[in-house]
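Subject: The structure I promised you

Hi,

Here is the structure we talked about, with the sequence alongside. Have a look around first, then read on for what turned up.

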Amino acid sequence: MKSFQIATFFRKNSSFWLLKSLQSVSKKRIGTIVFLLLLALFYVNSPISKVWNDSLVETTIAMDGYGEQLESNLNSTANDTVILKKERVQLLRNIEEKLVAYLYQIPDYSYIAALETYLEYAPMILEQIPSTVPLEKGDYWLSSEYGVRKHPIFRKRKKHFGIDLAATSDRYVYASASGTVLSITHSQKGYGTHIIIKHRFGFETLYGHLNKVLVSEGQTVAQHELIATVGTTGSSTGFHLHYEVVKNGIKIDPIYSLNLKRKIYKNLFRK
Ligand SMILES: [Zn+2]
């Protein structure tokens, strides 16, 4: 074969294979791919993500400023300790105010990661945010994550809106943040016996498949307060706690929250 013939052969052949592979992808698949590409494009350019990024930048710039002032206040050699203390209290209050406003608006935990440094200035806020494991250390293991999975009973692919923490019968269940018991429901199906607690900043938590309920509706609870025991009520194949976190009405992935409080306090004590 002469060189130009080889080139034509390959050109022909490659377009042939390209055509062939495109034919093997069904029309439905192409539709899905195009849809996903458009969705990704929309997200990158979306005004929503832009507003969020701008708002986060603004918040962190403001808090950085307060943080710097706080640093120089702490290192100050001035004699007037009363004025210094007053200024310190005010700066901490400013940081907390910014944090509070931001925490009300954020859609999920991914936005908290950028604020970890500032949470160290106001760690008490973490008592009001679902930021702990609702079971005792060593009492559980993560048996199912948040996201799409094959349902253990219905055998269909279904989104799992929470996480499953497998534990033995009657292990203690604790509130993952302070709040008010919004509802207690007993059902043969779904979540079985379950509790919903309302927290600050638009957070809610749900504890499902419970055995005993140890709180009542309307009761205020503290973070780590005993609220129930692990069961297998409702659509459940074994003893476990189904745990959900809702933020501004949307069920979000709680995985980041499990270690949040521990992480912030660990960093604090390291300093
Ligand atoms: Zn579950």
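Ala166 stands opposite His240, which sits in strand β12. Ala166 belongs to strand β4 (residues 163-167), and β4 pairs with β12 (residues 240-247) in the antiparallel sense over 4 bridges. A word on terms: strands (E, at least two residues) and helices (H or I, at least four) are DSSP runs, numbered from the N terminus. Two strands pair if DSSP finds at least two bridges between them.

Before going further, keep in mind that this is a predicted model: local features need a pLDDT of at least 70, side-chain atom pairs count only at pLDDT 80 or more, and totals for chains, interfaces and linings use all residues. Numbering starts from 1 along each chain, as its sequence is written.

Back to β4, which has a second partner to look at. Strand β1 (residues 140-144) is joined to β4 by 4 bridges, and these two run antiparallel. Here Leu142 is the residue opposite Leu165. Is β4 buried or exposed? Of its 5 residues, 4 are buried, so β4 is largely enclosed by the rest of the structure. "Buried" means that 20 or more other C-beta atoms lie within 10 Å of the residue's own; 12 or fewer makes it exposed, anything in between partly exposed, and the C-beta atoms are placed from the backbone.

Now zoom out a bit. The chain has 6 helices and 13 strands, and 25% of its 271 residues count as buried. If you take contacts (C-beta atoms, placed from the backbone, within 7 Å) between residues at least 6 apart in sequence, 65% of them join residues at least 24 apart.

What about the inside? The largest nonpolar core (buried Ala, Val, Leu, Ile, Met, Phe, Trp, Tyr and Cys residues joined through C-beta atoms within 7 Å) has 42 residues, and Val173, Ile195, Tyr207 and Leu241 touch the most other members. Helix α4 (residues 81-105) gives the most to this core, with 5 residues. The buried residues of α4 are Leu91, Ile95, Leu99, Tyr102 and Leu103. With 25 residues, α4 reaches 37 Å from its first C-alpha to its last, close to the expected 36 Å (that is 1.5 Å times one less than the number of residues). As for Leu241, its contacts include Leu165, Val173, Tyr207 and His209, leaving aside residues up to four places away in sequence.

His209 is worth a second look. Most residues other than glycine have a negative phi, but the phi of His209 is near 60°, a positive value. You'll find His209 in the loop between β8 (203-208) and β9 (210-213), and it counts as buried because it has 24 C-beta neighbours inside 10 Å. Asn248 has a positive phi too, near 45°, and lies in the loop between β12 and β13 (250-252). With 14 C-beta neighbours inside 10 Å, Asn248 counts as partly exposed.

Last stop: an open sheet of 3 strands in the order β5-β11-β9, with antiparallel pairing. β5 (172-174) and β9 are at the edges with a single partner strand each, so one side of each has no neighbour in the sheet. β9 and β11 (residues 226-230) pair over 2 bridges, and Val213 has Ala228 in β11 as its bridge partner.

Happy exploring!

Conventions:
Two residues are in contact if their C-beta atoms, placed from the backbone, lie within 7 Å.
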